[in-house]
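Here is a short note to help you find your way around. Take a look at the sequence and the model first, and then read the points below.

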Amino acid sequence: MRGRDSKDAKDTKEINVNKEILLVVDAVANEKGVGKEIIFGALEIALASAAKKRYPGDPDVRVTINRRSGVYETFRRWQVVADDAPLDAPDRQMPLTAARQLRADAPIGDFVDAPLENADFGGRIAAQTARQVIVQKVRDAERAQIVDAFLHRKGELISGVVKRLERDKERRTERSDVIMDVGGNVEAKIAGEDLIPRESFRISERVRGYLKDVRTESRGPQLFVSRTAPEFLIALFTLEVPEINQGLIEIKAAARDPGSRAKIAVKSKDARIDPIGACVGMRGARVQSVTTELSGERIDIVQWDDDSVRFVMNAMSPAEVESIIVDEDTHSMDIIVCDEKQLAQAIGKGGQNVHLASRLTGWTLNVMTKSQAQDRRGQEDETLQQMFTTQLGVDEEIAAILVREGFAGLDEVAYVPVQEMLEIAEFDQEIVDELRGRARDVLLTRAIAAEEHVGAPQPDEDLLQMDGMDEALAFTLAGRGITTMDGLAELSVDDLNEIAGLDDKRAAQLIMKAREPWFLSGR
């Protein structure tokens with residue numbers, strides 16, 4: 001009778017444990033809002049870990065829990081190896097003969113299970129282990145749910161309440177990160193560098209920003225928000241201007257100096273709608289709302305144009321552009337304004353206006369007055385004229401004619417159609433043939449020199465064409481890392497003599513010639 005009572009007590013205990021498992025799964029799943037399967041998996045890992053501690057070494061222990069009854073079973077798993085094979089992991093491998101006593105058809109490489117006594121779920125060690133594993137698994141599940149819930153919202157505005165301020169010692173930034181509660185016990189972080197300069201927030205204050213990233217982190221927030229990104233500006237206008245949200249107006253580009261100034265380019269898809277007026281709003285109400293959100297950031301709204309030159313002219317507002325010279329090769333434009341007053345407006349305080357316009361349009365912009373442009377053009381023409389004089393061995397009159405007619409290099413002289421050159425009033429057939437022949441000879445000499453210096457640094461065109469320079473000297477300088485006129489201009493006479501073995505007079509002349517652009521630009 002005593003033996004039967006003991007068995008009944010054990011069965012009763014097992015039933016209670018099984019019920020306890022199901023109760024734990026239900027309670028945790030409901031409290032944390034995670035799937036029951038995740039809790040069952042955590043319990044299986046916890047019970048396997050508790051059972052494993054009963055055995056020496058590193059056995060492979062697994063536990064399976066019946067999802068309906070709560071009944072759990074514990075097994076030790078072995079990998080089957082050949083009888084004569086060495087046991088690399090004795091605690092986890094079993095020879096074939098021994099394995100087939102557990103399962104007659106067990107093949108080599110497969111796994112066999114041997115039942116073990118269950119760990120006591122109600123025991124102190126098992127309970128502690130289970131608690132730790134469950135907590136970690138629940139955290140992992142919650143993080144995964146956060147990522148899944150917000151991944152589709154990446155690129156949207158997100159708002160919340162400031163929960164705390166944190167200082168990141170690793171980044172050594174003076175500004176604290178803002179940790180915001182966006183609801184549902186979900187946290188998002190605005191890093192110090194993603195906050196607008198000079199703005200500060202207090203605990204429980206509402207804040208919003210642009211959700212720029214959603215990613216899995218081992219600890220801390222997984223949502224990363226920015227208030228300095230150009231996309232934040234675009235999202236705010238989309239919120240304030242119904243025509244943008246309806247697709248009638250499109251914001252094509254935006255550039256910001258956060259907290260100070262910004263430019264956005266807008267385009268209307270309906271000819272009846274003024275995109276700038278719509279973004280400004282009645283009495284400036286719409287743009288003012290955005291400015292207030294951005295801590296007083298001044299916003300220039302400019303008209304987008306498919307023509308790059310017109311777009312750049314619009315982007316330079318409020319400055320009035322007189323003309324533009326486009327260089328497609330360098331993807332740059334020279335912006336010419338009429339006087340110093342317009343120059344100051346075009347450049348802006350600290351170069352802000354031109355820098356924002358450059359980032360908005362994607363072009364490198366160089367601003368100058370009309371007189372500066374004329375001086376620069378004159379200097380470029382003089383340099384080009386000197387190059388023709390030196391390289392082609394012609395007098396200043398012939399060189400000046402070539403410059404006047406728009407020839408920008410020796411290759412144009414060598415290969416432009418003969419008829420075009422004959423249309424120049426001062427040229428006849430003999431002069432044209434002579435010029436073309438000399439230009440081709442120089443280009444051939446260059447090609448040979450370049451072939452001899454394959455793999456070596458190549459001199460830039462400005463250095464090759466500089467007055468007083470020759471091919472051999474240019475390649476000698478390039479071999480010492482001096483490939484441009486600027487590089488030559490920074491040398492002293494002694495430095496140049498040491499590199500090229502020149503006399504002091506010629507070295508000084510070359511250096512001064514290389515420095516002439518500095519004087520023109522005021523360096």
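1. Which element gives the most to the lining of the largest pocket? Keep in mind as you look that this is a predicted model. The answer is α12, with 11 residues; this helix spans 370–392.

2. Now for the pocket itself. It holds about 1600 Å³ of space, and 41 residues line it. Nearest its centre you will find D334, R376, R377, Q379 and E380.

3. Several other elements also give two or more residues to this lining. Among them are the strands β13 (323–327), β14 (332–337) and β15 (364–369). The helices α17 (461–464), α19 (485–489) and α21 (504–521) belong to that list as well.

4. What is the make-up of the lining of the largest pocket, in nonpolar, polar and charged residues? The lining has 15 nonpolar residues and 15 charged ones, along with 11 polar residues.

5. Please also visit D270, in the loop between β11 (261–268) and α7 (275–280). D270 counts as buried because its relative accessibility is 17%, and the cut-off for buried is under 20%. Its side chain reaches the backbone nitrogen of R272 at 2.9 Å.

6. Finally, have a look at helix α13, which covers residues 396–404. Its buried residues are I398, A399, I401, L402 and V403. Just after α13 comes G406, with a positive phi of about 95°.

Definitions and conventions
Residues are numbered from 1 along each chain as its sequence is written. This is a predicted model: local features need pLDDT of at least 70, side-chain atom pairs count only at pLDDT 80 or more; totals for chains, interfaces and linings use all residues. Side-chain values use heavy atoms; hydrogens and water are left out. On a 1 Å grid over the protein atoms alone, a cavity is a set of points where a 1.4 Å probe fits but cannot get out, and a pocket is an open set with protein on both sides within 12 Å along at least five of seven lines; lining residues have an atom within 4 Å of a point. Grid points are joined across faces, edges and corners, and a volume is the space filled by probe spheres set on the points. Helices (H or I, at least four residues) and strands (E, at least two) are DSSP runs, numbered from the N terminus. Ala, Val, Leu, Ile, Met, Phe, Trp, Tyr, Cys and Pro count as nonpolar, Asp, Glu, Lys and Arg as charged, and the others, Gly among them, as polar. Buried means under 20% relative accessible area, exposed over 50%, partly exposed in between (1.4 Å probe, protein chains only). A polar contact is a pair of N or O atoms within 3.5 Å; within protein, one must be able to donate a hydrogen and the other to accept it, and residues adjacent in sequence count only if both atoms are side-chain atoms.
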